[in-house]
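Biologist: Please take a close look at the nonpolar core of this model, and then place that core in the setting of the rest of the chain.

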Amino acid sequence: MKVVLFCGGLGMRLRDYSDTIPKPMVNIGYRPIIWHVMKYYAHYGHTDFILCLGYRGDLIKQYFLSYEECLSNDFVLSKGGKEVKLHSQDIQNWNINFVDTGLYSNIGQRLKAVERHLAGEEMFLANYTDGLADLPLPQYLDHFAQGDAIASFACVRPAQTFHMVTTEASGLVKEIRDVEQADVWINGGFFAFKREIFDYMGEGEELVREPFARLIEQRRLVAYRHHGFWACMDTFKDKQRLDDLNAQGDCPWEVWRRDLPRESDGVVRANGGRGLSVLRAGGNRRP
């Protein structure tokens with residue numbers, strides 16, 4: 001199954017890094033976040049990638065053209081450094097299609113731009129390429145296949161800490177609750193689509209606005225509640241959290257380092273699910 005990775009945005013909220021490199025190339029440990037996302041899908045056997053390039057796409061191309069396996073694999077160095085024997089490799093089985101989808105394109109436009117590269121695919125995966133999770137992909141896809149939905153996304157609990165406020169019309173505060181106490185779910189950026197998704201997309205439309213609204217109206221959009229680990233790298237603080245986890249050797253998203261993924265359950269259907277599911281939206285950054 002092909003995997004479409006949206007990696008062309010400007011990453012304005014991570015400007016300490018994205019002023020010079022594209023957001024997907026910001027490192028977590030030895031490797032950029034795009035590598036961690038690709039490694040996740042490769043673990044489940046999905047190694048055919050389509051990269052939707054935009055801002056500084058040349059750096060993403062250069063990274064893979066000069067990819068150095070030794071950085072993340074054990075190896076033996078011999079003959080005075082002239083010979084390197086790797087114990088394992090990362091990307092030898094990956095097929096990566098690099099496609100320029102425009103500097104200022106939104107997510108919907110980027111997806112439409114690679115439609116021709118998905119010819120013959122009945123179903124494909126997609127990802128914002130700015131978040132990491134231990135989402136059990138086989139279970140997620142099984143839930144998607146059970147119904148007649150055309151699109152699916154994993155919804156997660158917000159990683160940020162903030163308070164939800166309820167007020168009266170006069171402004172008098174009725175209640176303040178931590179977001180963790182509320183049944184709030186957001187779009188985690190892990191998608192599965194049937195090819196019919198393109199029939200619901202108009203020229204220039206953002207993916208989760210008009211197209212998803214049409215799917216909701218027809219009850220063809222399904223969300224999967226993931227209760228495990230999820231973290232998005234939107235800000236410097238988010239990156240610091242991922243760096244800290246990596247430094248501690250506690251990287252739940254590295255499903256390839258363990259035998260079994262964590263369990264996750266529950267499906268939320270549009271116009272009939274439990275609780276509140278919130279789609280992340282906004283500009284060029286993400287739907």
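Modeller: The core comes first, then the cysteines, the surface and the salt bridges.

The model is a predicted one. The chain has 7 helices and 17 strands. Of its 287 residues, 49% count as buried. Among contacts with a separation of 6 or more, 76% are between residues 24 or more positions apart.

The largest nonpolar core is made of 51 residues. Leu5, Tyr40, Tyr41, Leu51, Phe64 and Trp253 are the residues with the most contacts inside it. Helix α2, residues 33–43, supplies the largest share of this core, with 8 residues. Tyr41 can be followed in detail. Leaving aside residues up to four places away in sequence, Tyr41 touches Val3, Leu5, His46, Phe49, Leu125, Ala126, Asn127, Leu137 and Phe190. One of these partners, Leu5, is itself listed with the residues that have the most contacts inside the core. Another partner of Tyr41, Ala126, is included in a second, separate core of 29 residues. That second core also includes Cys155, Ile197 and Leu221.

Next, the cysteines. Cys155 counts as buried because its relative accessibility is 0%, and the limit for buried is under 20%. Cys251 has a relative accessible area of 11%, so Cys251 is buried by that limit as well. A search of the whole structure finds 0 disulfides.

On the outside, the accessible surface of the chain comes to about 13800 Å². Carbon and sulfur atoms account for 48% of that area. Phe75, Leu77 and Val84 make a nonpolar surface patch of about 270 Å². Leu77 is placed in strand β5, which covers residues 75–78. With a relative accessible area of 53%, Leu77 is exposed, because the limit for exposed is over 50%.

Charged pairs complete the account. The whole structure holds 8 salt bridges. One of them joins Glu115 and Arg195, with the closest N and O atoms 3.9 Å apart. Glu115 lies in the loop between α4 (107–113) and β8 (123–127), and Arg195 in the loop between β13 (184–194) and α6 (210–217), so this pair ties together parts that are 80 residues apart in sequence. Glu115 is partly exposed, at 23% relative accessible area, and Arg195 counts as partly exposed at 27%.

Arg56 and Asp58 also meet through their side chains in a salt bridge, at 2.9 Å from N to O. Arg56 is partly exposed, with a relative accessible area of 31%, and Asp58 counts as partly exposed at 33%.

In the salt bridge between Arg214 and Glu205, the N to O distance is 2.7 Å. Arg214 is partly exposed, with a relative accessible area of 31%, whereas Glu205 is buried, at 14%. Elsewhere, Lys23, Asp130 and Asp234 are joined into one network by salt bridges that share partners.

Terms used
Residues are numbered from 1 along each chain as its sequence is written. This is a predicted model: local features need pLDDT of at least 70, side-chain atom pairs count only at pLDDT 80 or more; totals for chains, interfaces and linings use all residues. Side-chain values use heavy atoms; hydrogens and water are left out. A nonpolar core is a set of buried Ala, Val, Leu, Ile, Met, Phe, Trp, Tyr and Cys residues joined through side-chain atoms within 4.5 Å. Buried means under 20% relative accessible area, exposed over 50%, partly exposed in between (1.4 Å probe, protein chains only). Helices (H or I, at least four residues) and strands (E, at least two) are DSSP runs, numbered from the N terminus. Contact means heavy atoms within 4.5 Å. A disulfide is a pair of cysteine sulfur atoms within 2.5 Å. Patches are made of residues with over 30% relative accessible area and no salt bridge: like charges are joined within 9 Å, nonpolar side chains (Val, Leu, Ile, Met, Phe, Trp, Tyr) within 5 Å. Accessible areas come from the Shrake-Rupley method with a 1.4 Å probe; for residues, only the protein chains shown count as cover. A salt bridge is a side-chain nitrogen of Lys or Arg within 4 Å of a carboxyl oxygen of Asp or Glu.
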